[in-house]
Amino acid sequence: QALADETNYTVNMAVLDGADIVYVERRKPARAGFRIELNVQVGARLPAYCTSMGKVLLAYHDPTAVRAILDRTDLARRGPRTITAREQLTHTLAEIAAAGLAVNDEELAPGLRSLAAPVRDRSGHVVAAVNIAVHLSAWNAAMDAVVSRLETPLRRTTRDISQRLGYLPSPADSSD
C-alpha cells in the first residue's frame, strides 16, 4: 500500500502458476489519482509472457521449465508491442534476470505500461513479483522516464518484502 500511495499508481503482486501469473495482491493509491481499472482482481490469471510480473517470474524460473512453458504457450499478440517470437522473449528474460527488473510497454494491452521486480524468500528464490502499473493516458512519458521515476521505490519495496520473508541480500544483490 505504501508503494501505491507514494507513486499514486496501482501496485500488484503475483506468483507464477504454470504459464500464467496469478494476482495475490492489488493495491490502489489512497488519494485520488489515476487508477488503472482492467477488471483484474486478486485471483485473476494472465499469461506470464506478456506481463512485467510474469516476465520477472519466468526470468528467475528454472530454464528447463521455462522452455517447456514456452513450448506450449501461444505467444499471441495481446497489445501493440507483445513479444511473439520465442527467441526474442528468451533473450529478454535473460536481460531481466541480469537487471532484476522487467518492463512492459503495451505488451498486454494498448496504453498499459508496468515495471516489475522480484520478491525473494529466505533461500533467495524468487517467489513473487511486484509491479507498478501506469497508463499512457495518465503519464505519456518515454518508458525510460517511467523507469527512472519508479525503479527506486519499486526496488525498495520488493527488497523490504523479501527481507520480511527472511531474505538477507548480499552486497552483490544491490540490483534486486
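The legends below describe close-up views of a predicted model.

**View 1. The open sheet and its strand order.**
Six strands form an open sheet in the order β3-β2-β1-β6-β5-β4, with antiparallel pairing. At the edges stand β3 and β4, each with a single partner strand, so one side of each has no neighbour in the sheet. From one strand to the next, the twist averages 30°. Strands of a sheet pair through backbone hydrogen bonds, in either a parallel or an antiparallel arrangement.

**View 2. The hairpin of β1 and β2.**
Strand β1 covers residues 10–17 and strand β2 covers residues 20–27; the two pair in the antiparallel sense over seven bridges. Val11 has Arg27 of β2 as its bridge partner. Further along, Ala14 is bridged to Tyr23, also in β2. Two residues lie between the strands of this hairpin, and Gly18 takes a positive phi near 65° there.

**View 3. The β3 edge of the sheet.**
Strand β3 (residues 45–47) pairs with β2 in the antiparallel sense over three bridges. Asp20 has Pro47 of β3 as its bridge partner. The strand order places β3 at one end, followed by β2 and then β1.

**View 4. The pairing of β1 with β6.**
Strands β1 and β6 run antiparallel and are joined by five bridges. Met13 stands opposite Val130 of β6. In the strand order of the sheet, β6 comes between β1 and β5.

**View 5. Ala102 in the edge strand β4.**
Ala102 belongs to strand β4, which spans residues 102–105. Strand β4 runs antiparallel to β5 (residues 112–120), and four bridges join the two. Across from Ala102 in β5 stands Ala116. Is Ala102 buried or exposed? Its relative accessibility is 0%, so Ala102 counts as buried. Leaving aside residues up to four places away in sequence, Ala102 touches Ser52, Lys55, Val56, Ile96, Ser114, Leu115 and Ala116. One of these contacts, Lys55, is 47 residues from Ala102 in sequence, yet the C-alpha atoms of the two are 6.6 Å apart.

**View 6. Helix α5 across the sheet.**
Helix α5 (residues 143–164) lies across β1, β4, β5 and β6, the last of these being residues 126–135. Relative to β5, the helix runs at about 25°.

**View 7. The enclosed helix α2.**
How many of the eight residues of α2 are buried? Eight of the eight are, so α2 is largely enclosed by the rest of the structure. The buried residues are Ser52, Met53, Gly54, Lys55, Val56, Leu57, Leu58 and Ala59. Among them, Ser52, Lys55 and Val56 are in contact with Ala102.

**View 8. The two sides of helix α3.**
Val66, Ile69 and Leu70 are the buried residues of α3. They cover an arc of only 95° around the axis, which puts them on the same side of α3. An α-helix has 3.6 residues a turn, so residues three or four places apart point the same way. Arg67 and Asp71, on the other side of α3, are exposed. The buried residues of α3 pack against α2, which covers residues 52–59, and against α4.

**View 9. The crossing of α3 and α4.**
Two packed helices are described by the angle between their axes and the distance between the axes. For helix α3 (residues 63–71) and helix α4 (residues 86–99), the axes come within 12 Å and cross at roughly 150°. The crossing of α3 and α4 is right-handed. On the α3 side the contact is made by Val66, Leu70 and Asp71, and on the α4 side by Arg86, Leu89, Thr90 and Leu93. Sorted by class, the contact of α3 with α4 has four nonpolar, one polar and two charged residues.

**View 10. Thr92 in helix α4.**
Thr92 lies in helix α4. With a relative accessibility of 15%, Thr92 counts as buried, because the cut-off for buried is under 20%. Pro80 is 12 residues from Thr92 along the chain, and the C-alpha atoms of the two are separated by 17 Å.

Terms used
Residues numbered from 1 in each chain as written. Predicted model: local features only at pLDDT ≥ 70, side-chain atom pairs only at ≥ 80, totals over all residues. Heavy atoms only, no water. Buried < 20%, exposed > 50% of the residue type's maximum accessible area, 1.4 Å probe, protein only. Contact = heavy atoms within 4.5 Å. Pairing = 2+ DSSP bridges. Axes fitted to C-alpha atoms, helices over the stretch in contact; angles between N-to-C directions. Left-handed = near helix turned anticlockwise from the far one by under 90°. Nonpolar A, V, L, I, M, F, W, Y, C, P; charged D, E, K, R; others polar. Arc of directions from axis to C-beta.
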